Amino acid sequence: MRIAIITLATALTAAIAVAPHAQGCTSLIATPGATATGSSMITYAADSHVLYGELYNQPAADHPAGAMRPVIEWDTHRPLGEIPEVAHTYATIGNMNEHGLTIAESTWGGRHELAGSGKIDYGSLIYITLQRARTAREAIDVMTGLVDKYGYASEGESFSIADPDEVWIMEMIGKGKTDPGAVWVARRVPDGYISGHANHARIHTFPLKDPNTLYSKDVIDFARKQGYFSGKDKDFDFSRAYAVYDMGALRGCDARVWSYFNRFAPKGTMDAYLPWILRGEGEVMPLWVKPEKALTATDLKWMMRDHFEDTPLDMTKDIGAGPFDVPYRWRPMSYKVDSVEYTHERAIATQQTGFSFVADMNRSRHDAMKGILWFGTDDANTCVYLPIFNSTENVPYQLRHGNGDMLTLSWDANFWVNNYVANQAYNRYSQMIPDIRRVQSGLENSIEQAVSEAEKTIGAMSDSDARTHLAAISDTWAEKATKDYKTLGDMLLVKFLDGNIKKQNEDGTFVRTPEGDCASPVFGGYNERYFRSIVNEQGDRLKVIEVK
């Protein structure tokens, strides 16, 4: 089936919705049966041009009868009102709580006339729920209960909701200005499968009588009332009814999930869905697929660094990558040539990420580390994922709120040193990325080893000692990674100064002449594609000729 592809400018506006702090997020999913360790895993990239990368936390607390909780809109910081607080709230660290429950999201906007008019926005829905629920199913009950009682204040949203045993996708959209409520559907991802969402509604038709599928009682009737659907109940398609279908939704959004599936599904099986993501033709991409191998947290970290490498959408292959194979494109996403509109690709890894994480939840580990939040700031491609645990009470200083902000540079802030490194690489990517990978991989390998050793040693510890030990691991590596990346950034500046490449010894020191001066550098130049593009454009104007 072919769908209408409307103008790209409208498409990309829909793809990023209206949220200034969460534009174009990606969440990938792996169920326990699809991972090598039997963990539930979900990822999240909070992509925004104005979001500062820091880690939020809220301690557990008891509240007196009659206490009220303010609701502050996540994107705008606008007060939406108050709701009654519950007697006890759980501790949270980032998007994970003390029980290992983790929630991620991506905004898809949908039909704009359905923008919510209630009291609970999507961000508040996540963080209030983390304070009130212990499991994924409890979370769905809490989230839908809050919306039923207080109304929904956002547009179309997809949520990944995971505990150590199972993972669900829930999609929700408001009912417009005259009804503060929302319609929604939630599906448990079958064990042994992977899934994901990236700013487009991914739930199409769904079983109406299945304990692993939940939905609001009026999700179909409301669509009929609005004129979005007229068929039989069994043929109801949530995504087609409530989402906006355009090139932004497919090429800019579903393509990111396609790339994840393509990486791990049996070779060649995802080729059949290229017509869907490129032209809106053929079979709809499935909500989940079975991977060919069991995934690890490391696999998901590297998937968050994806730029469609080795696919037809590879961002390093067209002339837009420039002379240094840069897999990034600056905004705006669309552009015109001779009145014809074109688009850049939109990959999972992007320069404007505030923070990202890979959440690993496993009940077989000590209670203090049954949830591991591998947390990174700035671009997922160049960050170092740091270990934060479900028992973490105090945020490491390098990730703490107040240590710098989007307009205040701090060399002690992980976000700023990661930007220091990444923004140099954006100019000469192919030349700098090997140095970055060397430091990045060395740190991550050492961190993963330290966490693995902790998993073996804390079993005999008291809960208090285990928490202290894990907190020290988080603090140690946040400090080391931040310092090492500052050193890396300094080295990149020196090594690649003025378009040259200084030579280095095996120990990383720079080569000097016998007199101690800087040795003659390497002139790195450009790639062949760049030279050919000059010749194709300029012809013989720059051709070297023999002077007679």
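A residue is called buried under 20% relative accessible area, exposed over 50% and partly exposed in between, using a 1.4 Å probe and protein chains only. The model described here is predicted: local features need pLDDT of at least 70, side-chain atom pairs count only at pLDDT 80 or more, and totals for chains, interfaces and linings use all residues. Numbering runs from 1 along each chain as its sequence is written, and side-chain values use heavy atoms, with hydrogens and water left out.

Most residues other than glycine have a negative phi, and most peptide bonds are trans. Against this background, two aspartates invite a look. Asp378 has a positive phi, near 65°, and Asp498 also has a positive value, near 60°. Asp378 sits in the loop between strands S20 (371–377) and S21 (386–389), and is buried at 1% relative accessible area. Asp498, in the loop joining helix H11 (463–495) to strand S22 (500–501), is exposed at 68%. Helices (H or I, at least four residues) and strands (E, at least two) are DSSP runs numbered from the N terminus.

The Arg331 to Pro332 peptide bond is cis, with omega near 10°; Pro332 belongs to the loop between helix H8 (297–303) and strand S17 (334–337).

Helix H6 (residues 247–264) offers a further point of interest. Its 18 residues span 25 Å from first to last C-alpha, close to the expected 26 Å, which is 1.5 Å times one less than the number of residues. A kink of about 40° is centred on Ala255, the bend being the angle between axes fitted to the seven residues ending there and the seven starting there. Of the 18 residues of H6, 14 are buried, so the helix is largely enclosed by the rest of the structure.
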